Amino acid sequence: MLNRAGFITYAVVIGGLLLSLEHEASAQVGSIQGKVVVLAQDDIFDEILRGQSLNRYGGHHDGPEPEPYLLSEKAVVYISSPVQAPLAPPAKNPSLNQKGLMFRPLVLPVMVGTTVNFPNSDLVYHNVFSYSSPKEFDLGKYPNGTVKTVTFDTPGIVNIFCEIHAYMYATVLVLEHPFFALPDDEGNFTIPNVPPGSYQVSFWYGRKVLSTKSVNVRPGAIANVKFSD
Amino acid sequence: MVASRHILAALIFLIMVMSCSDDAQTQPVVSGQLSTAYADGESGASQYSINDGRGTFLWRGDLFADYLFSDNIAFLSNIRIEQDLTLRIDLFALRFSDIASSGLDLQVGQIDIPFGSLGERRFPKQNPFYRLPLTQEHLTTLCSSDYKVWVLAPSFAQRGDGVRVLDQGLYDLGVRMDGQLGMVDYALSLINGMMSATATYTPDGLNNNRGFGAIGRVGITPAPWMSAGVSYGAGSFMADQSADSASFLFESNPQSYPQKIIGSDISVSMGHFSFNGQAFYNIWVYQRDLKSFGYSAEFQYAVTPRMSIAARAGGLVFGEVEGLLVPSRTGERSFSGKWDSDVFRLESSIRYNLTRQALIKIVYEWNHTINVGEEPRDNLVVAQVVLSF
């Protein structure tokens, strides 16, 4: 039986061991940090509003009102060159919502093998589909409250549409790794736990890659990169 | 060329309105659909036979040029051109949405007549078939050039010189009001012409019709997967000139010869399956009432993300008339019996989306004319490519 002093000694030794392991692990990886600055006027939301207003056959819509995209819904920074690391997709499914006759977010980065939820939060039917070669699918028409899922098992760019509302559009960026980040509303981002190496880092904004830069990630260090349009 | 003048005027108007503002949200939106087809049909003496049964290429363009003036004022237009190079303006309307926050929409100009639920399915991309439903296509024995019923000379109907019960795309000049109360939606329109014969115009562009056609539809959407509606229309279906020349008519005032039509429609869609059905009962008030009943049922199923199949059945059943005076070689004769031959059409199609903007479809059309001595061979196969932009 372990007495009190023995227990404390045991806990200190185990705790120290764990801390040193964690320190050693974090010392083996680095991170990419930076800021994105977009000054140009974004007309994606205006296009959607025009599409909704000029719709001739859709009837009235009593669901949620459309709201402009936040920066975190339309911008992604990600490593666009190969990364050597054993990785697994996340346990929790990310969502690409249909709300206010819009897809939210506009761009969704996922790791290959990830299953994405497609909930319908509008009071009308939607029919989500894609003809993109990494993942062709057609979820059919489904109503409010229903969640359909798609597993993205091939890397690439998957353009998503609604068959009923032609102006609805989104992109799923299927990456081979989890090294991507969504900028906050000030444009700051961090991609943590990146294995050391030289990489290409791309800035996706709206419907396309806006720019790509080279970074060198060193163990235990932060590599800084700034993107602007 | 009257049509060219119309198009020129339309384009000038479009340019004017589109130069009004440079606000990002009020930009013009131009889109459209282009289609080309190869049709190979049989050569029977029938209005459904294309190019006398000789295989032929066809094409059609639909240009949608819209402009949003503000959140609730929009200009909407459809301009169509086909292989005969005749330009047509189907839709040319100003739409005022949610007037005074009442939920009411108002359209003025060349409007989409609110009868039934054809909607987007009139355009090649959304229409799984080549033609519109038979109910919108069939030319009856009532001849459009003299408004006489040529039942004893069926070549008039066979070759397509008759009046349609529903006039293809269903557009006319007038005003339209739309609204919604919970799950109920409604639309009411007042137009120069009527659904069988949209308004005719004198050379100076004035309306030939006396009075207006009134058409309305009440719909209900109890669940997102289903909507249904009832439509009604009444108004004169012939112009002054036609009535005056139709000397055998009992009266010359065309308002004495209205069209009365009641219809119902239903749309159901779930998952990869959808169904559209429509039926109507029509009366053309004439020497004797010319009655007809029409129906159409259409199924679609998406087999894979890119491929879908569809089938449609449609028909027209015509009423019997007693002692109708009809033109013949020797003058006029009394006629009793059905005033046109019943017709039935079965269509099937397979569609494949090459891209989101391009699709190819192959359509087979089987036509059956009932109660004729020798049924014309008039079945049709069409391969069509549609590009949308």
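This is a short walk through a predicted model of two chains, A and B, with a suggestion at each stop for what to select.

**Stop 1: the whole complex**

Start with everything shown and colour by confidence. The predictor assigns the complex an ipTM of 0.83 and a pTM of 0.86. In chain B the mean pLDDT is 87, with 84% of residues at 70 or more. Where pLDDT is low, the coordinates should not be read in detail.

**Stop 2: each chain in cartoon**

Select chain B and switch to cartoon. You should find four helices and 20 strands. Of the 389 residues in chain B, 39% are buried. Among its contacts with a separation of 6 or more, 56% join residues 24 or more positions apart.

Now do the same for chain A, which has three helices and 16 strands. Here 33% of the 229 residues are buried, and residues 24 or more positions apart account for 66% of the contacts with a separation of 6 or more.

**Stop 3: where the chains meet**

Show both chains again and pick out the residues in contact across the boundary. How many residues of chain B are in contact with chain A? There are 25, and they meet 22 residues of chain A. On the chain B side, select β2 (56-70), β3 (73-82) and β12 (258-270), since each of these strands supplies at least two of the touching residues. By type, the chain B side of the contact divides into 10 nonpolar, nine polar and six charged residues.

**Stop 4: three paired strands in chain B**

Stay with chain B and select residues 87-96 and 105-112. These are β4 and β5 of chain B, which run antiparallel and are joined by five bridges. To see the pairing, show Leu94(B) as sticks and look across to Val108(B), which stands opposite in β5(B).

Next add residues 171-181 of chain B, which form β8. β5(B) pairs with this strand too, in the antiparallel sense, over eight bridges. A good landmark is Asp112(B), facing Tyr171(B) in β8(B).

**Stop 5: the nonpolar cores**

Return to chain A and select Val77(A) and Val172(A). In the largest nonpolar core, which has 53 residues, these two touch the most other members. Show what surrounds Val77(A): leaving out residues up to four places away in sequence, Val77(A) touches Val36(A), Phe180(A), Ala181(A), Pro183(A), Phe189(A), Ile191(A), Val201(A) and Phe203(A). Apart from this core lies another of 44 residues, including Tyr67(B), Met195(B), Met238(B) and Ile261(B). In soluble globular proteins, nonpolar side chains tend to be buried together.

**Stop 6: Phe179(A) in its loop**

Select Phe179(A), in the loop between β11 (169-175) and β12 (180-181) of chain A. Is Phe179(A) buried or exposed? Phe179(A) counts as buried because 25 C-beta neighbours lie inside 10 Å, and the cut-off for buried is 20 or more. Beyond four places in sequence, Phe179(A) is in contact with Tyr78(A), Ile79(A), Val83(A), Ile191(A) and Val194(A). Try the distance tool on Val83(A): 96 residues separate Val83(A) from Phe179(A) in sequence, while their C-alpha atoms are 8.7 Å apart.

**Stop 7: an open sheet in chain A**

Finish by selecting the four strands of an open, antiparallel sheet in chain A, in the order β12-β2-β14-β15. Look at β12 and β15 (208-217) of chain A: each has a single partner strand, so one side of each has no neighbour in the sheet. The partner strand β2 (residues 75-79) of chain A meets β12(A) over two bridges, in the antiparallel sense. Show Tyr78(A) and Phe180(A) as sticks to see them stand opposite each other.

Note on methods:
Residues numbered from 1 in each chain as written. Chains lettered and ligands numbered in written order. Predicted model: local features only at pLDDT ≥ 70, side-chain atom pairs only at ≥ 80, totals over all residues. Buried ≥ 20, exposed ≤ 12 C-beta atoms within 10 Å, placed from the backbone. Contact = placed C-beta atoms within 7 Å. pLDDT = per-residue confidence, 0-100. Nonpolar A, V, L, I, M, F, W, Y, C, P; charged D, E, K, R; others polar. Pairing = 2+ DSSP bridges. Core = buried A, V, L, I, M, F, W, Y, C linked by C-beta atoms within 7 Å.
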